[in-house]
Amino acid sequence: MKIHSFKTNESGLNRFFGPLEAKIMHILWNGPEMAIKDVQARLVKEQAINFNTVMTVMNRLVDKGVLRKRAEGRVSLFQPTQSLEQFLETQSKELTNDLLEEFGPLVVNHMLDALEEADPALIEQLEQKIQALKKER
């Protein structure tokens with residue numbers, strides 16, 4: 001699953017989702033599978049929100065492949081298709097591949113420039129990865 005709109009001017013989950021989508025995903029990533037009314041009850045603590053609005057957004061997240069929906073009696077239960085860690089791994093990999101495909105060496109140079117401020121452990125990890133790639137060739 002690939003999120004098609006990455007917002008550079010946002011932060012956190014809002015980079016991948018609209019504000020309400022991000023709140024819903026945050027709730028579902030931090031709890032068990034839930035019915036729409038349970039998600040709405042948590043959202044209402046911050047601001048009033050209509051049940052139908054929450055239902056529409058959650059069903060759209062199902063259509064996007066981010067949520068899974070299953071029926072239990074007359075209630076639909078929702079849960080993320082991936083853990084938050086898996087989602088971030090997938091999306092960051094997709095974004096990196098897209099940037100490399102479109103901008104090539106320029107992106108690599110900018111990433112290397114950004115390493116000047118990186119944690120030494122991260123740089124060591126990168127060096128090990130480069131050495132492993134060299135051995136494979």
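## Getting to know this predicted model

Among contacts in the protein chain between residues at least 6 apart in sequence, 43% join residues at least 24 apart. Keep in mind that this is a predicted model.

Reader: What order do the elements of the protein chain run in, from the N terminus on?

Author: Let's start with the tally: the secondary structure comes to six helices and three strands. Now walk along from the N terminus, and the elements of the protein chain run α-β-α-α-β-β-α-α-α.

Reader: Is the protein chain a compact globule or more spread out?

Author: Along its principal axes, the C-alpha trace spans about 55 × 30 × 30 Å. For 137 residues the globule rule gives 14 Å, but the radius of gyration is 19 Å, well over that, so the protein chain is more spread out than a compact globule.

Reader: What share of the 137 residues in the protein chain is buried?

Author: To count as buried, a residue needs under 20% relative accessible area. In the protein chain, the share of the 137 residues that are buried is 24%.

Reader: And how much area does the protein chain expose?

Author: Carbon and sulfur atoms supply 52% of the exposed area. The total that the protein chain exposes is about 9800 Å².

Reader: Which strand pairs with strand 2, and over how many bridges?

Author: Strand 2 covers residues 67-72, and its pairing is in the antiparallel sense. One of the partnered pairs is Glu 72 with Val 75, the latter in strand 3. So what you're after is strand 3, over six bridges.

Reader: Which residue in the turn of that hairpin has a positive phi?

Author: Strand 2 and strand 3 form the hairpin, with two residues between them. The positive phi is about 70 degrees, and the residue in the turn that has it is Gly 73.

Reader: Where does strand 1 fit in, and which residue stands opposite Met 34?

Author: Strand 1 is residues 34-35, and two bridges join it to strand 3, residues 75-80. These two strands run antiparallel. Opposite Met 34, in strand 3, stands Phe 78.

Reader: Which residues are linked in a network of salt bridges?

Author: Try Arg 70 as a starting point: it forms a salt bridge with Glu 33, with the closest N and O atoms 2.5 Å apart. That pair links distant parts of the chain, since Arg 70 is in strand 2 and Glu 33 in the loop between helix 1 and strand 1, 37 residues apart. The side chain of Arg 70 also meets Glu 72 in a salt bridge at 3.0 Å, N to O. Put together, the network links Glu 33, Arg 70 and Glu 72.

Reader: Is Arg 70 buried, partly exposed or exposed?

Author: The range from 20% to 50% is called partly exposed. Glu 33 falls in it at 26%, and so does Glu 72 at 46%. Arg 70 has 35% relative accessibility, so Arg 70 is partly exposed.

Reader: Which parts of the chain does the salt bridge of Lys 23 and Glu 46 tie together?

Author: This is one of four salt bridges in the structure, and the side chains of Lys 23 and Glu 46 meet at 3.4 Å, N to O. Lys 23 is partly exposed at 30% relative accessibility, whereas Glu 46 is exposed at 58%. The two are 23 residues apart in sequence, so the pair ties together helix 1 (residues 19-29) and the loop between helix 2 and helix 3.

Reader: How far apart are the C-alpha atoms of Gln 47 and Glu 85?

Author: Gln 47 is found in the loop between helix 2 (36-44) and helix 3 (51-63), and it counts as partly exposed at 47% relative accessibility. Along the chain, Gln 47 and Glu 85 are 38 residues apart. Between their C-alpha atoms, the separation is 28 Å.

Reader: Which elements give two or more residues to the nonpolar patch?

Author: The patch has an area of about 360 Å² and is made by Leu 100, Val 108, Leu 112, Leu 126 and Ile 130. Of the elements, those giving two or more residues are helix 5 (105-114) and helix 6 (120-136).

Reader: And where is Leu 126, and how exposed does it count as?

Author: The place of Leu 126 is in helix 6. With 32% relative accessibility, Leu 126 counts as partly exposed.

Definitions and conventions: Residues are numbered from 1 along each chain as its sequence is written. This is a predicted model: local features need pLDDT of at least 70, side-chain atom pairs count only at pLDDT 80 or more; totals for chains, interfaces and linings use all residues. Side-chain values use heavy atoms; hydrogens and water are left out. Patches are made of residues with over 30% relative accessible area and no salt bridge: like charges are joined within 9 Å, nonpolar side chains (Val, Leu, Ile, Met, Phe, Trp, Tyr) within 5 Å. Accessible areas come from the Shrake-Rupley method with a 1.4 Å probe; for residues, only the protein chains shown count as cover. Helices (H or I, at least four residues) and strands (E, at least two) are DSSP runs, numbered from the N terminus. Buried means under 20% relative accessible area, exposed over 50%, partly exposed in between (1.4 Å probe, protein chains only). The radius of gyration is taken over C-alpha atoms; the globule rule is 2.2 Å times the number of residues to the power 0.38. Contact means heavy atoms within 4.5 Å. Two strands pair if DSSP finds at least two bridges between them.
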